[in-house]
Amino acid sequence: MTEAIPGLTYTTARERPFDPPDELTRVREETPIHRMIYADDHEGWLVTGYALARAVLAHPSFSTRPELLHPPIQNRLIKMKEFKTPPGFFIRMDPPEHTRFRKLLTGQFTVRRMKQLEPRIEQITNDRLDAMESQGGPVDLVQAFAMPIPSLVICELLGVPYDDRERFQRDSAVMLSLRSTPEQAKAAMDDLLGYLRDLVRRKRAEPSDDLLGGLVAGGELDEEELAGVGLLLLVAGHETTANMLGLGTFALLTNPEQLAAVRDDPAVVEGAVEELLRYLTIIHIGPIRTALEDVDLDGHLIKAGEAVTIAAAVVNRDPERFGEAETLDVSRPVHGHLTFGHGVHQCLGQQLARAEMRIAYPALLRRFPGLRLAVPAEDVPMRSDMAIYGVHRLPVTW
Ligand code: HEM
């Protein structure tokens, strides 16, 4: 019999750097779904079990439209309803509106384009490693390696000049910080949209072979929609992978046997990337949804208008699905984790993110076989205050 936890609220505070918050884990040990109080006092739901989480994400009666969502934690998202989603920001649209954008974008994320990018990812990675080597340790791995690689890759894919990175990295950091006020987040988003609108105009005048150029040439989206799509890809495409590279390296450095396997055995690398994605689950708020109509979930009635937050980090540690889920084991076969979501919104960039990690982790570990933390592990600042979890800095030497 499940014990009700009165007044359960959401938390992003992790007691240990690689484990989800203990409180949320305790909920999963009790029950796969529980009532939860949202930051706007809405009484909704928290899902912690794997099977139910997948069921919600695959169910057509759950919406991602911002005007319907409730904020699981106290931050700028509390004003979610006042945030008008820019046209083209399709992660916050439901089908059939979502389907139109998703189809257009899937047409651009071709196998050919991804394959073409791989040698560039290798080159970009090696350039960063050369720069680290000539600079000498200690360095902050986030600034020297984890951030620039995905940032350069997404710029190349979209056709965004990398020289403008200061502007879009600053804007996207403000958008993703849980400490930003709604006004700050909105100003950062507007600035980035303005920048992208100009870029789209330039691409209309001068056709280019990159993804944004391809969408411009396709002629199906107007200028505002193109800027919104660009915004989504730019923000989703670099902070996420950058944090996987930073946090993943930290996790490997504190698990030397696992690190040695990734460094020395090419056969392990693909699975290691999946295991690190599962084990670390950098998406530490959500995914979040709202029921459009009454839905029965395993005997629980989710009423129309009620919010559901999936605690992906604890779902990915569900022992019923992943066995010894609390251990990082890069040689275990892992599939079906929810770090890229599930259902119609499942991450569009997942193959690109995987390619970046498959190339970057072993290249780093082979170039610097003596890689180690330059500060005690407990002094590494963690990103509990950001929508995407990871490390703020990772001082390393070799
Ligand atoms: C390790 C890296 C990444 C992680 C963990 C990640 C995670 C996610 C998750 C969980 C979702 C679904 C959200 C939801 O259902 O509400 C998502 C959607 C999305 N991601 Fe990623 N992502 C990563 C990398 C990327 C990259 C590199 C790109 C772009 C090149 C990208 C572009 C997108 C887009 C466009 C969507 C929206 C898809 C849709 O609504 O149809 N992501 N991502």
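Select E326 and R317 to begin: the two form a salt bridge, with the closest N and O atoms 2.7 Å apart. The model on screen is predicted. Colour the pair by accessibility and the two ends separate, since E326 is partly exposed, with a relative accessible area of 42%, whereas R317 is buried at 1%.

Keep both residues selected and add R16, D19, D22 and R28. Together with R317 and E326, these residues are linked in a network of salt bridges. Within that group, zoom in on D19 and R16, which form a salt bridge whose closest N and O atoms are 2.8 Å apart. Here the acid is the buried partner: D19 has 15% relative accessibility and counts as buried because the limit is under 20%. R16, at 37%, is partly exposed.

For another pair, select R65 and E67. They form a salt bridge with the closest N and O atoms 3.0 Å apart. Both ends have intermediate accessibility: R65 is partly exposed at 30%, and E67 is partly exposed at 41%. A search of the whole structure gives 26 salt bridges, so treat the pairs above as examples from that total, in keeping with the general point that side chains of opposite charge can pair when their charged atoms come close.

Next, turn to the aromatic rings. The structure has four aromatic pairs. One of them is Y50 with F322, an edge-to-face pair with 5.5 Å between centres and 85° between the planes. Show the cartoon as well, as the pair links distant parts of the chain: Y50 belongs to helix 2 (residues 50-58) and F322 to helix 14, 272 residues apart. Are these two rings buried or exposed? Y50 is buried, with a relative accessible area of 8%, and F322 is buried at 9%.

Stay with rings, but now add charges. Select R14 and Y389: R14 lies over the face of Y389, at 3.8 Å from the ring centre. Then select R100 and F101, where R100 lies over the face of F101 at 5.0 Å from the ring centre.

Now display the ligand and centre on its iron atom. Which protein atom is the donor to this iron? The single donor from the protein is SG of C347, 2.3 Å away. Trace the backbone around C347 and you will find the residue in the loop between helix 14 (319-322) and helix 15. C347 is partly exposed, with a relative accessible area of 27%.

With the cysteine sulfurs displayed, look for disulfides. The count is zero. C155 is in no disulfide: its nearest cysteine sulfur is that of C347, 17 Å away, whereas a disulfide needs the two sulfur atoms within 2.5 Å. C155 is buried, at 4% relative accessibility.

End on helix 15, residues 350-367. This helix has 18 residues and spans 26 Å from its first C-alpha to its last, close to the 26 Å expected at 1.5 Å a residue. Switch on a surface and helix 15 proves mostly covered, with 13 of its 18 residues buried.

Terms used. Residues are numbered from 1 along each chain as its sequence is written. This is a predicted model: local features need pLDDT of at least 70, side-chain atom pairs count only at pLDDT 80 or more; totals for chains, interfaces and linings use all residues. Side-chain values use heavy atoms; hydrogens and water are left out. Helices (H or I, at least four residues) and strands (E, at least two) are DSSP runs, numbered from the N terminus. The expected span of a helix is 1.5 Å times one less than its number of residues. Buried means under 20% relative accessible area, exposed over 50%, partly exposed in between (1.4 Å probe, protein chains only). Donors are N, O and S atoms within 2.8 Å of the metal (3.2 Å for Na, K and Ca); water is not among the atoms, so sites may look incomplete. Rings of Phe, Tyr and Trp (its six-membered ring) pair if their centres lie within 6.5 Å; planes under 30 degrees apart count as stacked, over 60 as edge-to-face and the rest as tilted. A charge sits over a ring if NZ of Lys or CZ of Arg is within 6 Å of the ring centre and within 35 degrees of the ring normal. A salt bridge is a side-chain nitrogen of Lys or Arg within 4 Å of a carboxyl oxygen of Asp or Glu.
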